[in-house]
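Please open the model in your viewer and keep the sequence beside it, since this tour moves from one selection to the next.

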Amino acid sequence: MINVSGLRKSFGSVTALDGINFKAQDGEVTGLIGPNGAGKTTALRILYTVMQPDSGAAEIDDFDTVSHRQEVQRRIGVLPDSRGLYPRLTAREHIRYYGRLHGMGGKALEAQIDTLVEALGMGEFADRRAKGFSKGQVRKVALARAMVHEPKNLLLDEPTNGLDIASSRAVHQLIRDLKSKGCCVLFCSHIMREVAAISDRIVVLSSGQVVAQGTADELSQQTGESDLEEMFLSVTGSQEGW
Amino acid sequence: MWRGIFVVFAKEVVDNIRDRRSLMVAFIYPLLGPLILGVIISMVSNVVRVNPERHVQLPVVGAEHAPQLMAFLKNKGVNVVPAPADAKAAVRAGKANNILVVPENFTAQFGAKKTASVDLIVNSSRLPGLIALNRTLGWLGEYNQIVWGKRISTHGVDFQKLRPLTIKNVNVSSGTHIAEVLLFMVPPLFIFNLFMGGVYLAMDTTSGERERDSLEPLLINPIERWGLMLGKFLAALLFTAAAVAVQLFAFQIAFKLAGVGSFSFVHNLNALTIVGIMLMTLPLMIAAVGIQFVVATVTTSFKEAQTYLGLLPLVPAIPGMALVFSPVQVQDWMMAIPSFSQTLLLGQMVRGESITLSAVAISMATTTLLAGGLLWVVAKLYEREELIFGS
């Protein structure tokens, strides 16, 4: 469960987050959407502990991301905006590295790696070094290492960005599977149809503020727009920057 | 926590063992210094070594004009040979080290007890030329003095009274040949290598990690930032130590092959001494990796880090280079200066002087303080959220 309250963050004179509040429940998929520069990535970075808010608080399963950093880190699986691999390590070694950093090891870890390799369809390249991997392969490895410790909360920044249709569908299916297991999934996207298709709840960010939140139907009622794109443009008040 | 540090350390070691560039810097570059020094020493030794068994050749133009001088030279063991046709060209080309030219009027001048002149064609830009010049001047000076002594004694003057000064060369170096001076290049080469060995790892694991976009996901794992840093740091330290060890063993082999095996430093450079040198310089290795990590963390890109860190090893090596040409007398306070103290200690070892335990203790203590300080700074830098962007 994710709880964000009164989160503010500035970089110099630029206000990235101007007091945002939202919740993401277990067993639900929450979509975070907004124009470029709306503050999506900053909000996620605070949630996954690499940044600290100027004020306000972010909590994962009631643990504060600043004062209980490691407790939070054990409870989250993250696909960040930066998702680079080590060119000289194999896919399997990437997953093993993160598993060990989570205190896993031995047969249990190897079994978990096998499960992920199977589930994400990585068999063909699991023992190849990452240099020269396609975007889809990189994404799969990045997802697998983020989930090796079976986190209850998933934070995914643009998980399908740059992927082909088949790979995108595989990611969507993965998100639905996680939801059905009772996980709390928070994901960022700028693809409105994608957000509407797989999210239970949508949080719309614009200029560092939450301008609307609710289910797709609720947003549609609030704005009086039935077309998805019009609906989002209506709440963000912007014709530009998408 | 220690398990996490080890996990990071092991990953970085495996990752970099697979990297040709890291291996080059740690295992091939350290060979270059000993190789070059070994080759130079063996070449210089061949040039400088005076073989008393062999007659030294001196080409002479117009030997027939100065039979007494030739007789004196032959008596000194000099093999007087006819000079090539173009004497100057021959010396310039290095075919002859120097050539003595006796002019035709020598006999007349010398017979009349006047000042007779000879020309000595030399090439002072060549080391063998310089050595030959020194040798020939010695013989001619000696001949000059003998003739002068004889002439003045015919006037009833005791020529010893007119010679207030006799100069004898007393060489105090424990070795005997000039090639050993080149051994003093060991400390600067050692320091340069020490600051070079782990540099690729320091960059790859910090600015490289950021540039590959793999740092941000790594930071989300449940391990303290300082622990993450320490794992990477220890990997870079291991490669630094490997480079230092490789270089020391390479020095040992190169010097033995180059034929300076009789020199005490080379003789003593066994596995135990090498371990001793490594322990003595371990604090400096930590400090070197510390500086590399500070630079690699605050710079925004791999290229920027490379620019600074490429030059870094030169800075601590410069005092050592200067000491090759103008050695200083070692004082205790100098042992408090990290890198300089190790340069001096190694210099003392190379010269075959004994080093004091207190000097080693001061050197290790002050350098450990610096290393600790640098580690603390790097740990603080890793805590900053700017770490993921650089700056």
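Begin by selecting residues 106-119 of chain A, which form helix α4; bear in mind, as you look, that this is a predicted model. The helix has 14 residues, and from its first C-alpha to its last it reaches 20 Å, close to the 20 Å expected at 1.5 Å a residue.

Keeping α4(A) selected, show the side chains of A:Ile113, A:Leu116 and A:Val117, which are the buried residues of this helix. If you turn the view until you look down the axis of α4(A), these buried residues fall within an arc of 100°, so they line one face of the helix. An α-helix has 3.6 residues a turn, so residues three or four places apart point the same way.

Which residues does the face turned away from the buried side of α4(A) carry? Select A:Lys107, A:Ala108, A:Ala111 and A:Glu118, the exposed residues found there. Then return to the buried side and add α3 and α5 (135-147) of chain A, which are among the elements that cover the buried residues of α4(A). Before leaving this helix, step to A:Gly121, just after α4(A), where the backbone takes a positive phi of about 65°.

Now zoom out until chain A fills the window, where 9 helices and 10 strands can be traced. Along its principal axes, the C-alpha trace of chain A spans about 55 × 40 × 35 Å. A compact globule of 242 residues would have a radius of gyration near 18 Å, and chain A, with 18 Å, agrees with this. If you colour the chain by burial, 46% of its 242 residues count as buried. Among the contacts in chain A with a separation of 6 or more, 67% are between residues 24 or more positions apart.

Next, display both chains together and look at where they meet: 23 residues of chain A are in contact with 18 residues of chain B. On the side of chain A that touches chain B, α2 (69-75) and α3 (91-101) of chain A each supply at least two residues, and α3(A) gives the most, with 4 residues. Colouring this side of chain A by class shows 12 nonpolar, 7 polar and 4 charged residues.

Finally, select chain B and colour its two parts separately, taking 2-45 + 179-388 as domain 1 and 50-162 as domain 2. How many Å separate the centres of domain 1 and domain 2 of chain B? Taken over C-alpha atoms, the separation of these centres is 53 Å.

How values were computed
Residues are numbered from 1 along each chain as its sequence is written. Chains are lettered from A and ligands numbered from 1 in the order in which they are written. This is a predicted model: local features need pLDDT of at least 70, side-chain atom pairs count only at pLDDT 80 or more; totals for chains, interfaces and linings use all residues. Two residues are in contact if their C-beta atoms, placed from the backbone, lie within 7 Å. Ala, Val, Leu, Ile, Met, Phe, Trp, Tyr, Cys and Pro count as nonpolar, Asp, Glu, Lys and Arg as charged, and the others, Gly among them, as polar. The expected span of a helix is 1.5 Å times one less than its number of residues. A residue is buried if 20 or more other C-beta atoms lie within 10 Å of its own, exposed if 12 or fewer, and partly exposed in between; C-beta atoms are placed from the backbone. The arc is that of the directions from the helix axis to the C-beta atoms. The radius of gyration is taken over C-alpha atoms; the globule rule is 2.2 Å times the number of residues to the power 0.38. Domain bounds come from an automatic or database domain assignment.
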